[in-house]
Amino acid sequence: MASAGPAIGTPPTTTPTPAPPPSPSAFRVLFCGPDMAHGAAATAAALAADAPSIQVVRAASRAEGVALLPSADLAVPLMTVLPGPAIAAAAAGAGGRLRTILQYGAGLEGVDVGAAVASGVAVRNIPSAAT
């Protein structure tokens with residue numbers, strides 16, 4: 001006897017549609033680590049509604065955040081250390097995209113600010129209410 005399909009009350013099986021590859025020309029915001037997932041999610045949601053051409057990428061690890069730095073226009077370091085050579089490489093040459101490092105809170109101790117400024121990268125922070 002042939003099957004009539006899924007039983008009543010059984011949800012249909014679907015295959016998720018893969019996300020399109022990132023556009024090389026889209027403005028990219030990189031959250032450089034797994035910290036503050038809610039901040040990355042809220043930023044992505046707000047930008048999806050107001051500026052859908054801006055891509056938000058969240059690195060799965062701090063090492064991945066440093067590795068992805070050359071693909072970002074704006075980097076949010078969170079707790080990831082951004083060393084001078086990585087900043088300089090991400091900002092250098094025709095393919096260099098990095099233009100701004102924006103930290104939540106007061107702490108910029110993990111960012112080589114001198115190397116960033118020397119590479120033409122603006123460094124800013126958004127202090128919290130307590131700072």
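These legends accompany a set of close-up views of a predicted model.

**View 1. The whole chain, with 4 helices and 5 strands.** Welcome to the overview of this predicted model. Reading along the sequence, you will meet the pattern β-α-β-α-β-α-β-α-β. The protein chain has 131 residues, and 32% of them count as buried. Among contacts with a separation of 6 or more, 64% join residues that lie 24 or more positions apart.

**View 2. A word on confidence, with residues 14–20 in the frame.** The average pLDDT of the protein chain is 83, and 79% of the residues score at least 70. Over residues 14–20, please look with some care: pLDDT stays under 50 there, and the model has 0 contacts for this stretch beyond four places in sequence.

**View 3. An open, parallel sheet of 5 strands.** The order of the strands across the sheet is 2-1-3-4-5. Strand 2 (55–58) and strand 5 (122–126) each have a single partner strand, so one side of each has no neighbour in the sheet. On average, and with direction ignored, neighbouring strands of this sheet are turned by 20° against each other.

**View 4. Strand 1 beside strand 2, with helix 1 lying across them.** Strand 1 (residues 28–31) pairs with strand 2 in the parallel sense, over 4 bridges. To find your place in this pairing, start from Arg 28, whose bridge partner in strand 2 is Gln 55. Helix 1 (residues 37–50) lies across strand 1, strand 2 and also strand 4 (100–104). Relative to strand 2, helix 1 runs at about 165°.

**View 5. Helix 3 and its two faces.** The buried residues of helix 3 (residues 84–91) are Gly 84, Ala 86, Ile 87, Ala 90 and Ala 91. Looking down the axis of helix 3, you will find these buried residues within an arc of 165°, so they line one face of the helix. An α-helix has 3.6 residues a turn, so residues three or four places apart point the same way. Pro 85 and Ala 89 are exposed, on the face of helix 3 turned away from its buried side. The cover over the buried residues of helix 3 includes helix 2 (62–68), strand 4 and helix 4 (113–118).

**View 6. The salt bridge between Arg 62 and Asp 35.** This pair is one of the 2 salt bridges found in a search of the whole structure. The side chains of Arg 62 and Asp 35 meet with an N to O distance of 2.9 Å. The pair links distant parts of the chain, 27 residues apart: Arg 62 belongs to helix 2, and Asp 35 to the loop between strand 1 and helix 1. Arg 62 is partly exposed, at a relative accessible area of 39%, whereas Asp 35 is buried, at 18%.

**View 7. The salt bridge between Arg 97 and Asp 73.** Here the closest N and O atoms are 2.7 Å apart. Arg 97 sits in the loop between helix 3 and strand 4, and Asp 73 in the loop between helix 2 and strand 3 (74–76), so the pair ties together parts that are 24 residues apart in sequence. Arg 97 counts as buried because its relative accessibility of 16% is under 20%. Asp 73, at 13% relative accessibility, counts as buried too.

Definitions and conventions: Residues numbered from 1 in each chain as written. Predicted model: local features only at pLDDT ≥ 70, side-chain atom pairs only at ≥ 80, totals over all residues. Heavy atoms only, no water. pLDDT = per-residue confidence, 0-100. Contact = heavy atoms within 4.5 Å. Pairing = 2+ DSSP bridges. Axes fitted to C-alpha atoms, helices over the stretch in contact; angles between N-to-C directions. Buried < 20%, exposed > 50% of the residue type's maximum accessible area, 1.4 Å probe, protein only. Arc of directions from axis to C-beta. Salt bridge = Lys/Arg side-chain N within 4 Å of Asp/Glu carboxyl O.
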